[in-house]
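Subject: Structure for your review

Dear colleague,

Please find below the structure that I am handing over to you. I would be grateful if you could read the notes that follow it.

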Amino acid sequence: MTRLIEPQPGILDITLYQSGTSHVAGVENVIKLSSNENPFGAPESAKAAFAKAAHTLHRYPNTDHFSLRKAIGDVHGLDPERIICGVGSDEVITFLCQAYAGVGDEVIYTEHGFSMYKISALAAGATPVCVAERERVVDVDAILAACNEITKLVFIANPANPTGTMIGQRDIARLAANLPSQTILVLDGAYAEFVEGFDGGAALVESRDNVVMTRTFSKIYGLGGVRIGWGYGPKDIIDVLNRVRGPFNLSEPQLAAAEAAVKDRDWVEKCRDDNTRLRAWLAEALMELGVPSDTSCANFILARFLDQAEAEACDDFLKQNGIIVRRVAGYGLPNCLRITVGDEASCRRVAHVIGQFREQKK
Ligand SMILES: *Cc1c(COP(=O)(O)O)cnc(C)c1O
């Protein structure tokens with residue numbers, strides 16, 4: 001008999017997510033600047049809470065995540081009833097696609113947008129639609145022009161990854177106000193904490209009924225390995241997402257670590273300040289070496305080289321010297337390398353090695 005087993009439409013169009021590498025053959029003590037991780041790790045408060053949760057590993061976790069949602073709500077001034085927690089913000093993105101987009105629907109993401117938007121749209125059977133950016137900045141007018149009666153979701157990261165650029169609140173509000181009536185705007189605030197005074201779009205979620213914000217514990221909180229994130233949206237949308245969420249999607253150590261971390265405001269402030277200072281230093285140092293970058297609002301810099309060949313040669317040279325950064329050709333940026341802002345020693349080291357690279361080319 002002929003075997004007729006086939007996956008759902010769209011699944012085979014998914015290109016597997018490329019994560020930042022962490023090893024170089026033959027090199028020890030590599031400096032990993034490829035995944036926008038916090039160079040200082042997780043706060044002590046979160047590590048202690050995680051360790052303490054080890055005493056109850058035999059117990060099923062709590063299913064409503066109330067304690068964490070309340071802590072997030074208190075810190076950010078948000079209604080806990082409208083918060084949903086997921087296995088990274090990736091899972092919240094997956095829920096949104098699963099619940100709101102299917103075969104025959106379109107999901108918009110932008111030219112250099114985060115790859116999970118396209119992956120999740122395809123996994124849901126929907127058609128991902130890529131909209132051009134303008135000089136590595138999200139273009140609201142181009143997005144509005146691409147919307148139609150089958151557009152269900154629009155994904156924007158602000159600040160964006162891998163460009164590090166941001167668009168203003170007025171543009172975001174204009175986008176939300178002019179979307180078709182069946183479309184949800186998703187504001188991915190994975191890097192929001194790195195922008196002092198920025199609410200990630202929370203106020204816009206409050207004032208409208210078609211905006212959802214996603215946030216993560218993977219970046220400034222240094223909990224990428226724990227996998228936890230959250231979303232904030234209109235009550236009816238959060239209720240829908242909770243229906244597709246597995247009741248035990250998060251374990252107790254995850255929940256405990258995240259709750260301790262979000263309450264640790266000194267830690268967030270310290271990491272933000274260090275990042276701002278070191279990011280400015282790194283951008284300036286690379287600029288002086290003839291490697292420009294757009295002003296970054298996140299914890300990485302998108303370094304621009306002359307062409308793809310130079311970017312790849314520099315990446316190889318960095319690797320040989322034990323430094324791992326991220327190639328971003330897959331994001332339509334073949335002449336660029338994304339470099340995470342590490343601690344001070346790592347920033348100095350990466351600038352020094354890029355200087356050597358430029359020097360040996362002369
Ligand atoms: C890192 C990142 C996330 C976070 O994903 P998690 O699943 O929460 O680790 C989300 N969006 C963007 C744009 C990111 O760069």
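The notes below address the ligand site and then the aromatic pairs. Please bear in mind that this is a predicted model.

The ligand occupies the second largest pocket. Its shell contains 14 residues, of which Ser89, Asp188, Thr216, Ser218 and Lys219 come nearest. By class, the shell comprises five nonpolar, five polar and four charged residues. Helix α3, which spans residues 88–100, supplies three residues, the largest share of this shell.

Several polar contacts involve oxygen atoms of the ligand. An N or O atom in the side chain of threonine 216 lies 2.5 Å from a ligand oxygen, and for the side chain of tyrosine 191 the corresponding distance is 2.7 Å. In the case of aspartate 90, a polar backbone atom is involved, 3.0 Å from an oxygen atom of the ligand. On its own, the ligand has 390 Å² of accessible area, and the protein covers 94% of it.

As to the aromatic residues, the structure contains eight aromatic pairs. One of them is formed by tyrosine 60 and phenylalanine 248; this pair is tilted, with 50° between the planes and 4.8 Å from centre to centre. The two residues are 188 residues apart, and their pair links distant parts of the chain. Tyrosine 60 belongs to the loop between α1 (44–52) and α2 (66–76), whereas phenylalanine 248 belongs to the loop between α8 (235–244) and α9 (252–263).

Yours sincerely,
A colleague

Key
Residues are numbered from 1 along each chain as its sequence is written. This is a predicted model: local features need pLDDT of at least 70, side-chain atom pairs count only at pLDDT 80 or more; totals for chains, interfaces and linings use all residues. Side-chain values use heavy atoms; hydrogens and water are left out. A residue is near a molecule or strand if one of its heavy atoms lies within 4 Å of it. A polar contact is a pair of N or O atoms within 3.5 Å; within protein, one must be able to donate a hydrogen and the other to accept it, and residues adjacent in sequence count only if both atoms are side-chain atoms. Accessible areas come from the Shrake-Rupley method with a 1.4 Å probe; for residues, only the protein chains shown count as cover. On a 1 Å grid over the protein atoms alone, a cavity is a set of points where a 1.4 Å probe fits but cannot get out, and a pocket is an open set with protein on both sides within 12 Å along at least five of seven lines; lining residues have an atom within 4 Å of a point. A molecule sits in a cavity or pocket if more than half of its atoms lie within 2 Å of its grid points. Helices (H or I, at least four residues) and strands (E, at least two) are DSSP runs, numbered from the N terminus. Ala, Val, Leu, Ile, Met, Phe, Trp, Tyr, Cys and Pro count as nonpolar, Asp, Glu, Lys and Arg as charged, and the others, Gly among them, as polar. Rings of Phe, Tyr and Trp (its six-membered ring) pair if their centres lie within 6.5 Å; planes under 30 degrees apart count as stacked, over 60 as edge-to-face and the rest as tilted.
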